[in-house]
Amino acid sequence: MLKTLSTAVVLALSTAASANISLLPPVKANPDNQPTEARMTLGKKLFFDNRISASGTMNCASCHLPHQGWTIHTPISPANPGWVERRNSPTLINVGYNQALIWDGRAWPLEKQAIGSTKNPLHKGQNIDHLMATFNADPDMVKMFQAAYGNTPNTKDYGKALAVFQRHFIVTGDSAFDLYLKGDKTAMSAPAVRGMDLFTGKAGCVACHDGGNFSDYGFYNIGLKHNPLLDSETHQKVLKFDAKRTGNKDWNSINTDPGRYLITHDKADWGAFKTPTLRNLADTFPYMHDGRYQTLSAVIEHYNRGGDNVKNQDPRIKPLGLSAAEKADLLAFLQSLRGELPEIDMAKWVRNAKGETLDGKALFEGKGTCINCHQAEGQGIPGVFPPLAGNAHVSEGDGSYVAHTILYGRSGTLSVKGLSFDAIMPPIGLQQGLSDAEIAAIATYVRQAWSNQVSAVKLEAVAAQRGDAQH
Ligand code: HEC
Ligand code: HEC
Ligand code: HEC
């Protein structure tokens with residue numbers, strides 16, 4: 001009874017407080033972890049360093065790729081080899097503004113999350129003491145930690161440096177929407193302006209997606225039905241493992257992702273997930289905590305039909321009655337929230353398992369001879385050589401598929417982007433005598449530097465052409 005009452009009061013309050021959308025204020029520093037150049041450089045180095053994973057094949061960018069909107073364009077995130085994920089990798093864009101971390105809010109703040117993420121068996125499964133010993137044996141790392149925090153490599157400063165990099169580097173703003181708010185009335189198209197009125201009015205989106213980062217950081221059940229992908233034996237195991245480690249007595253009966261419930265053990269939070277930012281959506285597809293929607297049109301359809309009518313659905317998720325023109329306007333508005341992503345030179349930052357910088361791009365074009373068939377930027381030759389850019393095979397998994405392909409080659413029929421390939425790729429790795437480290441560097445380059453450079457805007461156009469905005 002009390003619960004119902006408090007929900008109603010909160011609803012009334014949030015309406016009265018007239019939630020709104022605004023420019024992004026400057027990101028706040030953590031007073032105990034002020035950004036400096038040395039800290040930023042260390043954080044950036046750690047972010048791309050394969051040594052942070054037990055397998056030596058993954059770094060933070062394996063699932064949060066700078067060129068894929070700091071997330072990865074697979075619905076469910078890759079995982080530490082031997083494990084599977086059950087959720088979509090969230091974008092790290094503007095993560096420094098967040099007031100809760102992880103889809104269910106289990107982690108806080110960034111300083112601690114980075115350490116947890118490194119130990120998490122699903123993600124990197126690394127022994128943190130072993131990692132610090134490795135860094136302490138590397139004179140370059142010792143120097144960088146000293147410069148950043150006046151100390152030799154240690155767990156606390158490791159988390160702090162990664163936090164500085166994420167909080168102060170991965171920031172976007174100055175989208176068409178921001179320029180419009182700053183007074184340039186030509187920055188947004190007429191449909192986008194109409195869409196903004198729908199967003200704050202008839203469509204009711206602003207109730208949860210408010211402020212400069214379009215999130216109130218609350219947890220809501222927006223009516224997403226059970227995802228059958230989670231029915232597989234491996235996913236069921238991981239769901240139970242996670243429910244158990246978050247202290248749920250009923251862990252053995254959990255067979256779906258109950259979101260915030262895992263943390264609060266409160267039925268009122270069943271199926272509730274954190275409100276995500278809506279900035280740079282064009283770069284961060286697919287959408288939702290399990291990446292079930294490939295396009296923004298599909299998301300809009302979801303809200304317009306009032307969700308899937310599930311248990312515990314938030315009362316504000318109800319049929320909206322938007323016309324086709326209104327849906328198009330809302331889409332134009334969401335697309336106007338795309339700001340410039342920070343520039344980053346991947347070749348300079350990617351490290352192999354031994355911590356060496358091997359220039360994957362130079363190897364791709366030189367010793368690896370990949371460029372002979374796959375061409376610069378991985379365009380490929382239709383029907384003869386597959387494109388590597390925008391190729392889902394290449395961006396999925398942990399990179400071992402690409403490494404295996406480089407070493408042993410491939411033969412067979414393969415269908416990529418509607419084109420069929422019936423060809424043989426020779427075992428370049430064996431032929432050219434590439435070392436493991438060189439193969440890893442090429443694979444990392446292929447996957448992180450420009451694989452899947454396809455934008456949501458393009459996806460949207462393809463979906464519209466096919467007339468399948470429904471999914
Ligand atoms: C194997 C894939 C993978 C790797 C590697 C990985 N992450 Fe993540 N990350 C995820 C997934 C999946 C989530 C969401 C987890 C959940 O909700 O249960 C996540 C969540 C996060 C979040 C929370 C964001 C938010 O808005 O809630 C942060 C911050 C983050 N990761 C940072 C990092 C850092 C820093 C590293 C490297 C130390 C890293 N991640 C490595 C997959 C990965
Ligand atoms: C009751 C609060 C609430 C309302 C109202 C709401 N949202 Fe959401 N939105 C959320 C939450 C929570 C999620 C994440 C849900 C999940 O993954 O389970 C989300 C996810 C999204 C996403 C996916 C973002 C991503 O990166 O995965 C988009 C896009 C979105 N909402 C747009 C909208 C639009 C447009 C409207 C209005 C038609 C709207 N939302 C109304 C709470 C809300
Ligand atoms: C002599 C031409 C040639 C060279 C050199 C070559 N490839 Fe290939 N590559 C191919 C062909 C042909 C295929 C398709 C094979 C098939 O149909 O299974 C392919 C497939 C691939 C795939 C799999 C794509 C998919 O969608 O599954 C990857 C990844 C790849 N190559 C990467 C590389 C890398 C990295 C290099 C350099 C180390 C390289 N290739 C060198 C011809 C080549």
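1. The residues of the shell around ligand 1 divide into 14 nonpolar, eleven polar and five charged. This is a predicted model, and the points below should be read with that in mind.

2. Which residues come nearest to ligand 1? Of the 30 residues around the ligand, these are Cys60, Cys63, His64, Ile102 and Lys274.

3. Two helices deserve a look at this site. Helix α3 (110-119) and helix α6 (155-169) each supply at least two residues of the shell around ligand 1. Helix α3 gives the most, with four residues.

4. Polar pairs with ligand 1 come next. Lysine 274 places a polar side-chain atom 2.6 Å from an oxygen atom of ligand 1. For arginine 87, a polar side-chain atom lies 2.9 Å from an oxygen atom of the ligand. Histidine 64 faces another element: a polar atom of its side chain lies 2.9 Å from a nitrogen atom of ligand 1. Histidine 64 and lysine 274 are also among the residues that come nearest to the ligand.

5. Now the metal. The iron atom of ligand 2 has two protein donors, His209 through NE2 and Tyr303 through OH. They lie 1.9 to 2.1 Å from the iron atom.

6. Why is the arrangement around this iron atom octahedral? There are six donor atoms, and they subtend angles of 86 to 179°. Six donors count as octahedral if opposite donors are over 155 degrees apart and all others between 65 and 115.

7. Where do the two protein donors sit in the chain? Histidine 209 lies in the loop between α8 (190-200) and β1 (219-220). Tyrosine 303 belongs to helix α11 (residues 296-304). The pair therefore ties together parts that are 94 residues apart in sequence.

8. Accessibility should be stated for each donor. Histidine 209 counts as buried because its relative accessibility is 10%; the cut-off for buried is under 20%. Tyrosine 303, at 22%, counts as partly exposed.

9. Arginine 338 merits its own point. This residue is found in the loop between α12 (324-335) and α13 (346-349). Its relative accessibility is 34%, so arginine 338 counts as partly exposed. The side chain of arginine 338 makes a polar contact with the side chain of aspartate 283, at 2.5 Å.

10. How far apart in space are arginine 338 and phenylalanine 177? The C-alpha to C-alpha distance is 8.2 Å, while the two residues are 161 residues apart in sequence.

How values were computed:
Residues are numbered from 1 along each chain as its sequence is written. Chains are lettered from A and ligands numbered from 1 in the order in which they are written. This is a predicted model: local features need pLDDT of at least 70, side-chain atom pairs count only at pLDDT 80 or more; totals for chains, interfaces and linings use all residues. Side-chain values use heavy atoms; hydrogens and water are left out. Donors are N, O and S atoms within 2.8 Å of the metal (3.2 Å for Na, K and Ca); water is not among the atoms, so sites may look incomplete. Four donors count as tetrahedral if all angles lie between 85 and 135 degrees; four count as square planar and six as octahedral if opposite donors are over 155 degrees apart and all others between 65 and 115; anything else is irregular. Buried means under 20% relative accessible area, exposed over 50%, partly exposed in between (1.4 Å probe, protein chains only). A residue is near a molecule or strand if one of its heavy atoms lies within 4 Å of it. A polar contact is a pair of N or O atoms within 3.5 Å; within protein, one must be able to donate a hydrogen and the other to accept it, and residues adjacent in sequence count only if both atoms are side-chain atoms. Ala, Val, Leu, Ile, Met, Phe, Trp, Tyr, Cys and Pro count as nonpolar, Asp, Glu, Lys and Arg as charged, and the others, Gly among them, as polar.
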